[in-house]
Amino acid sequence: MIFIIAQKELRVLFGSPLPWILLALMQLVLTWIFVAHLDTFLQIQPQLVKIVNPPGVTEAIIAPVFAMAAILLLITTPLLTARLVAEERRNHTMTFLISAPISISDIVLGKFLSLMAFFSVVIALVVALSISLLAGGTLDFGLLLSNVAGLFLICACFASLGLYISCLSAYPAIAAAGALGMLMMLWVLDLGADNDKDSLTRNLSLLQHYENFNRGVIDTFDLSYFSLFVLLFLVLSIHRLNRERLHG
Amino acid sequence: MIEQSASSTLSVRGLCRYFGTRVAVHEINLELKHGDVLGLLGPNGAGKTTLMRMLTGNLAPSAGSVEICGIDLLDHPSEAKARMGYLPEIPPLYRELTVSEYLEFAARLHRVSNAKIRFIVNRVMQRCALNNTGKRLIGSLSKGYQQRVGIAQAIIHDPDIVILDEPTVGLDPNQMHEIRDLIRELGVERSVIFSTHTLSEVESVCDRVHIMHEGRTVFSDSISGPKQNELSLGEVFVRVTADTGNSASF
């Protein structure tokens with residue numbers, strides 16, 4: 001049932017120009033950054049050889065591209081999540097899903113899954129970009145994998161938060177603005193924390209946890225932070241839709 | 001199925017719904033059997049849509065129970081919903097899907113197996129006279145066709161009960177006629193509940209009438225009931241719904 005909902009979401013999504021435009025633009029921007037970093041790397045390479053243990057291409061080119069990809073996705077996710085529930089309400093199709101013999105959690109998980117499928121395409125394109133470096137050298141696949149895992153998890157966080165905000169509204173534009181605001185807040189939350197490792201704002205900031213993955217460190221604290229984040233907002237979404245049925 | 005033909009499909013007992021202190025639906029009792037077509041009448045705001053939303057699991061009742069073919073809707077929602085088709089007042093259509101994509105999705109949601117989907121979608125399209133619209137986007141269809149797609153999604157899984165909320169509103173006389181024929185046809189083997197404001201529609205299609213006013217049942221009888229007393233349905237309707245003083249006083 002979850003897959004049937006996800007399939008329908010993807011069909012509706014890819015039937016509109018939005019995801020194609022987003023994919024193209026994101027790829028354009030990321031390739032631009034990729035090329036810029038590649039250029040710098042080639043310029044400083046003669047000096048790098050003189051250092052003991054110099055940074056490789058994965059560290060110097062791929063990691064920054066992944067860091068930028070997370071920020072691009074933070075900005076674009078609200079555009080994709082906003083319509084998920086808000087538009088179903090607006091078009092009166094929510095009734096159709098609720099009258100069908102499926103549970104609310106199937107609906108929420110199906111919608112979440114469809115977003116993750118879209119993000120997987122984005123991530124696959126970034127990986128393809130990175131793999132192209134194999135033409136001229138070797139890659140640190142461990143670091144690449146940690147970046148992929150981190151990007152996937154942070155995408156899941158964006159998606160679940162966006163989905164929840166969409167559950168709160170009947171207007172896609174408001175849902176988009178709300179999700180963007182929340183995500184931006186979570187992005188810059190750690191600014192005031194300086195270098196205090198244990199500060200609360202730093203620990204709550206999404207991008208802060210992603211930085212570890214970006215450096216190739218897979219920490220259980222980050223893993224549990226991301227999992228709890230996703231779980232929390234999925235449960236809240238289910239709860240919210242159920243409440244609507246109970247309270248009208 | 002043959003055994004079931006006389007058994008009850010829908011049994012509603014003491015159904016109530018309050019929004020805060022406002023009473024939307026109060027103490028509704030309903031009993032439907034296979035082959036019953038029930039017309040739900042009432043002035044605007046009488047609680048017809050609220051009642052239908054409760055029957056289809058879109059709104060939780062404040063009190064009372066709903067049983068679909070002996071399955072409690074609140075305890076086993078999925079099993080109960082699988083035996084029911086619902087067309088809300090505004091047809092729940094995805095404008096960006098084609099008619100056949102949409103109906104396939106509806107069939108999948110109702111657990112129709114992959115092997116049978118094509119057959120079932122074709123059958124329902126034939127039944128609702130949608131034959132040449134399969135590849136068209138729903139958003140580009142006329143109101144009448146959209147309404148038919150809405151009915152098609154409600155009956156695609158061969159439900160025992162079909163609930164239609166004002167299915168003929170906004171249609172031209174020919175389309176109204178077609179939809180009435182379809183409802184009559186559905187009523188041969190299923191239970192159908194539909195709400196309307198057109199009294200002649202009830203007289204031509206239904207075998208039972210249920211009139212609601214301010215959330216309460218004010219009249220419930222077979223269609224032949226008023227005729228025996230030499231009253232038209234219109235007279236009955238005016239009499240029971242104009243009588244606000246009595247029904248609101250308790």
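The following exchange between a visitor and a guide works through helix contacts, sheets and single residues of a predicted model.

Visitor: Is helix α3 of chain A roughly parallel or roughly antiparallel to helix α10 of chain A?
Guide: The axes of α3(A), residues 57–81, and α10(A), residues 206–215, come within 10 Å of each other and cross at roughly 155°. Angles over 145 degrees count as roughly antiparallel. The crossing angle therefore makes the relation of α3(A) to α10(A) roughly antiparallel.

Visitor: How many nonpolar residues does the contact of α3(A) with α10(A) have?
Guide: From α3(A) come Ala63(A), Phe66(A), Ala67(A), Ala70(A), Ile71(A) and Leu74(A), and these meet Leu207(A), Tyr210(A) and Asn214(A) of α10(A). Divided by class, the residues of this contact include no charged one and one polar one, while the number of nonpolar ones is eight.

Visitor: Does Arg89(A) count as buried or exposed?
Guide: Arg89(A) lies in helix α4 of chain A, residues 83–90, and, leaving aside residues up to four places away in sequence, touches Ser166(A), Cys167(A), Leu168(A), Ser169(A), Ala170(A), Leu241(A) and Glu244(A). The cut-off for a buried residue is a relative accessible area under 20%. Because its relative accessibility is 18%, Arg89(A) counts as buried.

Visitor: Which strands stand at the edges of the open sheet of four strands in chain B?
Guide: The order of this open sheet is β2-β1-β4-β5 (chain B), and its pairing is antiparallel. Each edge strand has a single partner strand, so one side of each is left without a neighbour in the sheet, and the strands in that position are β2(B), residues 22–33, and β5(B), residues 71–72.

Visitor: Which residue of β4(B) is the bridge partner of Arg13(B)?
Guide: Strand β1(B), residues 8–19, pairs with strand β4(B), residues 63–68, in the antiparallel sense, over five bridges. The residue in β4(B) that serves as bridge partner of Arg13(B) is Ser65(B).

Visitor: How many of the eight residues of α1(B) are buried?
Guide: Helix α1(B), residues 48–55, packs on the sheet and touches β1, β2 and β4 of chain B, with a direction that makes about 120° with that of β1(B). Its buried residues are Lys48(B), Thr50(B), Leu51(B), Met52(B), Met54(B) and Leu55(B). The helix is largely enclosed by the rest of the structure because, of its eight residues, the number buried is six.

Visitor: Which residue of β7(B) stands opposite Gly85(B)?
Guide: Strand β6(B), residues 84–87, points Met84(B) and Tyr86(B) one way and Gly85(B) and Leu87(B) the other way, and all of these are buried. β6(B) runs parallel to β7(B), and four bridges join them. Opposite Gly85(B) in β7(B) stands Val162(B).

Visitor: What is the average angle by which neighbouring strands of the six-stranded open sheet are turned against each other, direction ignored?
Guide: This open sheet of chain B has mixed pairing and the order β6-β7-β8-β3-β9-β10. Its edges are held by β6(B) and β10(B), each with a single partner strand, so one side of each is left without a neighbour in the sheet. With direction ignored, the average turn between neighbouring strands is 15°.

Visitor: Which residue in β9(B) is the bridge partner of Gly39(B)?
Guide: Strand β3(B), residues 37–41, runs parallel to β9(B), and four bridges join the two. Within β9(B), the bridge partner of Gly39(B) is Val209(B).

Visitor: Is the crossing of α3(B) and α5(B) left-handed or right-handed?
Guide: The axes of α3(B), residues 99–109, and α5(B) come within 9 Å and cross at roughly 25°, which makes the two helices roughly parallel. Val99(B), Tyr102(B), Leu103(B) and Ala106(B) of α3(B) make the contact with Val149(B), Ala152(B) and Gln153(B) of α5(B). The crossing itself is right-handed.

Visitor: In which loop is the place of Asp158(B)?
Guide: Most residues other than glycine have a negative phi. Asp158(B), which is not a glycine, has a positive phi near 55°, and because its relative accessibility is 39% it counts as partly exposed. Its place is in the loop of chain B between α5 (143–155) and β7 (161–165).

Methods
Residues are numbered from 1 along each chain as its sequence is written. Chains are lettered from A and ligands numbered from 1 in the order in which they are written. This is a predicted model: local features need pLDDT of at least 70, side-chain atom pairs count only at pLDDT 80 or more; totals for chains, interfaces and linings use all residues. Side-chain values use heavy atoms; hydrogens and water are left out. Axes are lines fitted to C-alpha atoms, for helices over the stretch in contact, and angles run from 0 to 180 degrees between N-to-C directions. Angles under 35 degrees count as roughly parallel, over 145 as roughly antiparallel, 65 to 115 as roughly perpendicular and the rest as oblique. Contact means heavy atoms within 4.5 Å. Ala, Val, Leu, Ile, Met, Phe, Trp, Tyr, Cys and Pro count as nonpolar, Asp, Glu, Lys and Arg as charged, and the others, Gly among them, as polar. Buried means under 20% relative accessible area, exposed over 50%, partly exposed in between (1.4 Å probe, protein chains only). Two strands pair if DSSP finds at least two bridges between them. A crossing is left-handed if the near helix is turned anticlockwise from the far one by less than a right angle, and right-handed if clockwise.
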